[in-house]
Amino acid sequence: DEVLLKLQGGATITGNLTLQRDHSVANLRVAGLNPAALDSRLRNARLHGSIQLRGDANAQHGKLNLTGTALQLSAELQRNGDKLTLQQLSLTSAHAELSGTGELNLGQLQPYNFNGQLRHFDLTAFVPRAPHTDLNATLMVSGALQPQANGKVDFEIRDSHLAQQPISGQGHVSYQDLAHGKGELLIKVGDNRLNLNGSYGK
């Protein structure tokens, strides 16, 4: 079947969709997707590319590739039974890159994890009003969604700059149902130092 979707800002998604009992396939083309049409705080861009989907009742696979003049986005997802895997995520602009991988188990407790990295990440490449940055950092998130969302976040910032000031730091936060948590945070920006150690919620 032919697919035609019109999105906000004049973007379109076109292509072919084949649905069968034992196997389904979709090959789609994206044209003129503008992030600023979705959120006015984001930088204007025109992204073009492809979305590929295939699978059956037990396993599905999806691949996204979008490219613009100064922005590229790619992602790959795989589901096998109860396991959903983010095999690859990459958002790049010039030398700036955000990348990551992760997993979500759709079983009883729904455990999850995500490992991400920033390399020479400049916020102004994506948010025009943000301060100039050159961020190099790692992020690790893990936990479970049931019976209540809980988990921990660890991050480290190194060899980085914020508004032309050197910035470094690290932190650890653990949380229960998002409303209760505790953590330690140490951030250095230039000659300034922020050191937090405490909890929030009841």
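What volume does the largest pocket have? The notes below start there, then turn to a second pocket, the salt bridges and three paired strands. The model is predicted.

1. **Largest pocket.** Its volume is about 330 Å³. The lining holds 16 residues. Nearest the centre of this pocket lie P35, L47, L71, L91 and F126. Two elements, α1 (35–38) and β7 (83–93), each bring at least two residues to the lining.

2. **Character of that lining.** Twelve of the residues lining the largest pocket are nonpolar. Three are polar, and one is charged.

3. **Second largest pocket.** Here the volume is about 200 Å³. The lining counts 13 residues, and Q117, L118, A137, T138 and L139 are the closest to the centre. Four strands give two or more residues each: β8 (96–105), β9 (111–121), β10 (133–144) and β11. By type, the lining of the second largest pocket splits into eight nonpolar, four polar and one charged.

4. **Salt bridges overall.** How many salt bridges does a search of the whole structure find? It finds three. They are taken one by one below.

5. **D39 and R41.** These two residues form a salt bridge, with the closest N and O atoms 2.8 Å apart. Is R41 buried or exposed? R41 has a relative accessibility of 59%, so it counts as exposed, the cut-off being over 50%. D39 stands at 23% and counts as partly exposed.

6. **E103 and K83.** The side chains of E103 and K83 meet in a salt bridge at 3.4 Å, N to O. E103 belongs to strand β8 and K83 to strand β7, so this pair ties together parts that are 20 residues apart in sequence. E103 is partly exposed, with a relative accessible area of 33%. K83 is partly exposed too, with 39%.

7. **E97 and R119.** A salt bridge joins the side chains of E97 and R119 at 3.6 Å, N to O. E97 sits in strand β8 and R119 in strand β9, so the link ties together parts that are 22 residues apart in sequence. E97 counts as partly exposed, at 23% relative accessibility. R119 is also partly exposed, with a relative accessible area of 34%.

8. **Strands β11 and β12.** In which sense do β11 and β12 pair? Strand β11 (residues 150–162) and strand β12 (residues 165–176) are antiparallel, with eleven bridges between them. E156 faces Q170 of β12 across this pairing. The two strands form a hairpin with two residues between them. In the turn, A163 has a positive phi of about 50°.

9. **Strands β12 and β13.** β12 also pairs with strand β13 (residues 180–189). This pairing is antiparallel as well and runs over ten bridges. G169 has I187, in β13, as its bridge partner. How many residues lie between the strands in the hairpin of β12 and β13? There are three. D177 takes a positive phi near 45° in this hairpin.

10. **Reading the strands.** One general point helps when looking at side chains here. In a regular strand, side chains alternate between the two faces of the sheet.

11. **Where to look.** For the pockets, start from P35, L47, L71, L91 and F126 in the largest one. Then turn to Q117, L118, A137, T138 and L139 in the second largest. For the hairpins, A163 marks the turn between β11 and β12, and D177 belongs to the hairpin of β12 and β13.

Terms used. Residues numbered from 1 in each chain as written. Predicted model: local features only at pLDDT ≥ 70, side-chain atom pairs only at ≥ 80, totals over all residues. Heavy atoms only, no water. Pairing = 2+ DSSP bridges. 1 Å grid on protein atoms, 1.4 Å probe; cavity = no way out; pocket = protein on both sides within 12 Å on 5 of 7 lines; lining within 4 Å. Points joined across faces, edges and corners; volume = space filled by probe spheres on them. Nonpolar A, V, L, I, M, F, W, Y, C, P; charged D, E, K, R; others polar. Salt bridge = Lys/Arg side-chain N within 4 Å of Asp/Glu carboxyl O. Buried < 20%, exposed > 50% of the residue type's maximum accessible area, 1.4 Å probe, protein only.
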